[in-house]
Amino acid sequence: MTRECAVLLPGVCAALADPRHPGLDDSCLEKLLDWFRSLTWFDPTVELVQDNPCLTELISSVLALQDPSPSILSFTLQLAGILASSESRFQHLQQEKLLGRLFGREGPRGGAAWEDASVRSAWVKGVHSMVHHQPALLFPVGRTYDLFCFSTGGMDVLFTLQGDPSLFVASAASQLLVHMLTFSLESETSKALSTKDCDWPECAQMIVKHIQESLQSSSASHIEQSLKLLSSLFGSCFGSCYAAWTEVLWLDIAKQVESFLLEETVQAQPLLANLLLNVARSPVFCGTEGSFWALVTSALEHLTPVQAGPLAVGLLKLCKCPQDVRIQALTVLLQPMDCILRAASQPLECAGLLDESVSDPGTVESLLSSKTTCAGLLCQTLAHLEKLLSLKHLRVDLPCVSLLRSLMTILQLCNGSLSPASPLGSAMSRNLINCFRVQKSALDVLAALSEEKDCDTLIGSLFDVLLAYLQSPNTSPTVLKKTFQATSKWLVRLQELSCSNSQWQQTEKILEEVFVVLQKRLCSPCWEVRDSSLEFLTAMVKCLRDQKEFRQCLLSSEVLRLTENLLEDPESYVRASAVTAVGHLALITCFAPESPVIGNQYNKESIVAKLQEILSTDSEGFPRRAVISIFTKWLREGCTGQLEDTEQFVSRVIQTVECDLDWEVRLGGLELVEVFCSQTICQLSQCPYAPVSSAVTSSTPQNELLQVFCQAKLFGFLFGSLCDCDKPVGQRACDVLVGLRGHFYPMSTLENPQEIEDSPAGRGIAWLQRTLRQGSLAQNFPTDGGDGVDFQDPESMMLALGAIDLLELHDELNKSSDHVEESPQSLLQDILATVGTIEDNEVDCY
């Protein structure tokens, strides 16, 4: 603690304990607690409370109040717990007889304040902070320090708080019990333990006994609380760090858990899946034998499909789950998809995905035939399947062809294009018609399946389904967006397939149909549809621009003209997407080595002029950001011509960007400059990938580089951006300048500011250094040579790079904006100002 803070702290403590002062904002109290946490974290000694007796006086004063405010009482409980987090400070507070009065029966537990949830929560948090050393946990009764846990019924309070009506309090109590049990075992971990000789330490024994009794009680709420506690316990480090104890605890409760599975009316069933999954993650149960995996199998059979789904997908992610359990888990996930395929298929067609079911198929059929449960079950199943498809190493084989067929069936049921003959199929068709939730989920899985290589035989039928959605006026904008995303993924797969087996005609036919639909959608009256269509077009260009069939279909359609028209769309999001699409299309129409001749309106100069006009005149930020992003992409790909053309292009862009009111546009301009500098250095330097040696710093390439950068007016833009009122802009500009200095000034060759200050240029550089130190206060930064600084003079800019302390500026710009305003000293001053104990001019208010 600094001396300044130590001087202010007694006044703050006195103000907090004085009921005449107005209550402080909770955020101030939280910041104060954070400060004490940081102090105690780095210094466990007793000096903090000995040197600052005002802290114990604060606790005593609050305890002496007849009716303290809940916020001050909560603060005091948490503060005491934080201070007692080290053994030495804990003993000091015990000697002062403060902890028992706060956390024991005579404390707030027995008073009216306990009705306030914030006080109960603070009590739990205070105990949690305290229990980080053995004396705080194992208080011998009748000794110098007396335990709230054993002698004053503290454990019973915690057990009760597990069921607190406030979810925050209940969660905190459960977390504390987990912490106390695991912490009490730390002294036992060094012993050689087997499952037969594990004797729980006293505190752990109390918690385990409570769990066992609760599980056997007739109270559904007690059972639920204990199952949640067990899930938290096995989900914490307990399951991996305390193998012997994990096995003992599981053997104690396994029979009871099994009985819950078999008693279908028990409300605890939904919690069992999470419990079993957390237990399965423990290394104790990695083997393929044992009763535990038999219980998991039983759970997959007896839990409802909605309850078993999360357990199944969790098991499939485990590395050491037995293969037979893994297959059973996959079967649970595929059962709804199998049911749909069977119900919707005509006789003699595909039978389904599965040869046999894990649980009763009638349960799944019942859920799918019900209007209230059909969509929910399918959305959950599809979400799980998408998660599995995203895994790099799935240890079971998915039946991808049947799964794709099932997804197509779902999508056809949702848009009414399939009329199943079976009663179950008809019911599902009624349930799913125009169900947007299921459509979106199915399309997500469909997109993920494009990575699988076994689905090629169905690709024609798949595009029939996708095109039906793209063409239908009933497809909602959100579903259409998902359809576009899935279509772009499968178009890439189609292109790969046609390259390998020469199915050019099928590819060309599908692409022609896609472009016909796209033309229609680009003219939609709904702006979301126009926006999604442009995003789809951009995605296709990114993936397929090198493919001959794609280019032919694109250039023979009206898509180019329609896209360019949308640069003037009334909706700014659409204009931004049109800019991005036009920018990517230009890589085919303007900048390709052999650009096709498609009319004067698509030449490079015309496109660049249109985008520059948007950059300088569009009233919304989104299109302007899109333009600067496209210009940077063109520059990266070398599309802007020879060095002289690029220099003029960059110069025009940054002169427009530096006046833009949108900081993201200015930041994009700096990225453009960074790319330009990197490319120019690579072209003109002798060694493009390393700084030049000191012997070459005055050589022609270096002079030429400076000349190019000055002519492009980069330095005025970069130095001006250092004073930008938006910090990310200044940080990026400083990064670019530091990089340039590293190139022009290798190690130990920086200029000496004292030697250059007497020259005219040197005086200007000295002024520049002073101005930059003002930071964002110098927002009206002169970039036109004011005060003797010529930003287009190579010699002056060489001196500036060498003399100005850019690293100091870099450190200043990277400091957190609250490094002064939210310092502990400032916080204490603000608290004193709030309660009116110091004058306004002494306060650093923020």
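This is a short tour of selections to make in the structure, with a note on what each one shows. The model is predicted, and residue numbers start from 1 along each chain.

**Stop 1: a chain of rings**

Start with the aromatic side chains; the structure holds 15 aromatic pairs. Select Phe631 and Trp634: their ring centres are 5.6 Å apart and their planes meet at 45°, so this pair is tilted. A plane angle counts as tilted when it is neither under 30 degrees nor over 60. Both residues sit in helix α34 (residues 621-636), and because they are three residues apart there, about one helical turn separates them. Phe631 and Trp634 are both buried.

Keep Phe631 selected and add Phe649. These two rings form an edge-to-face pair, with 5.0 Å from centre to centre and 75° between the planes. Colour by helix and you will see that this pair links distant parts of the chain, since Phe631 belongs to helix α34 while Phe649 lies 18 residues away in helix α35 (residues 643-657). Are these two partners buried or exposed? Phe631 has 0% relative accessibility and so counts as buried; Phe649, at 5%, is buried too.

For another set of rings, select Phe234, Trp250, Phe292 and Trp293, which ring pairs link into a cluster.

**Stop 2: along helix α35 to a loop**

Go back to helix α35 and pick Ser651. Ser651 has a relative accessible area of 7%, which makes this residue buried. Now show what surrounds the serine: apart from neighbours within four places in sequence, Ser651 is in contact with Gln711, Ala712 and Lys713.

Of those partners, take Lys713 next. Lys713 is in the loop between α37 (700-711) and α38 (714-721), and is partly exposed at 34% relative accessibility. Check its backbone as well: phi of Lys713 is near 60°, a positive value in a residue that is not glycine. Most residues other than glycine have a negative phi.

Another lysine to select is Lys97, where phi is positive at about 60°. Lys97 is in the loop between α6 (87-95) and α7 (99-103). With a relative accessible area of 61%, Lys97 is exposed.

**Stop 3: an enclosed helix**

Select residues 436-449, which make up helix α25. The helix has 14 residues and spans 20 Å from its first C-alpha to its last, close to the 20 Å expected at 1.5 Å a residue. How many of the residues of α25 are buried? Ten of the 14 are, so the helix is largely enclosed by the rest of the structure. Among the buried residues are Val438, Gln439, Ser441 and Leu449.

**Stop 4: two helices packed together**

Show helix α28 (residues 504-522) with helix α30 (residues 548-555): they pack at an angle of about 35°, and their axes are 10 Å apart. The crossing is right-handed. To see the contact, display Trp504, Glu508, Leu511, Glu512 and Phe515 on α28, then Glu549, Phe550, Cys553 and Leu554 on α30. The residues of this contact comprise six nonpolar and three charged, with no polar ones.

**Last stop: a pair across the sequence**

Finish at Glu258, in helix α16 (residues 243-262). Glu258 is partly exposed, at 32% relative accessibility. Draw a distance from its C-alpha to that of Ser298: the two residues are 40 residues apart along the chain, and their C-alpha atoms are separated by 8.4 Å.

How values were computed:
Predicted model: local features only at pLDDT ≥ 70, side-chain atom pairs only at ≥ 80, totals over all residues. Heavy atoms only, no water. Phe/Tyr/Trp six-rings, centres within 6.5 Å; stacked < 30°, edge-to-face > 60°. Helix = DSSP H or I, 4+ residues; strand = E, 2+ residues; numbered from the N terminus. Buried < 20%, exposed > 50% of the residue type's maximum accessible area, 1.4 Å probe, protein only. Expected span 1.5 Å × (residues − 1). Axes fitted to C-alpha atoms, helices over the stretch in contact; angles between N-to-C directions. Left-handed = near helix turned anticlockwise from the far one by under 90°. Contact = heavy atoms within 4.5 Å. Nonpolar A, V, L, I, M, F, W, Y, C, P; charged D, E, K, R; others polar.
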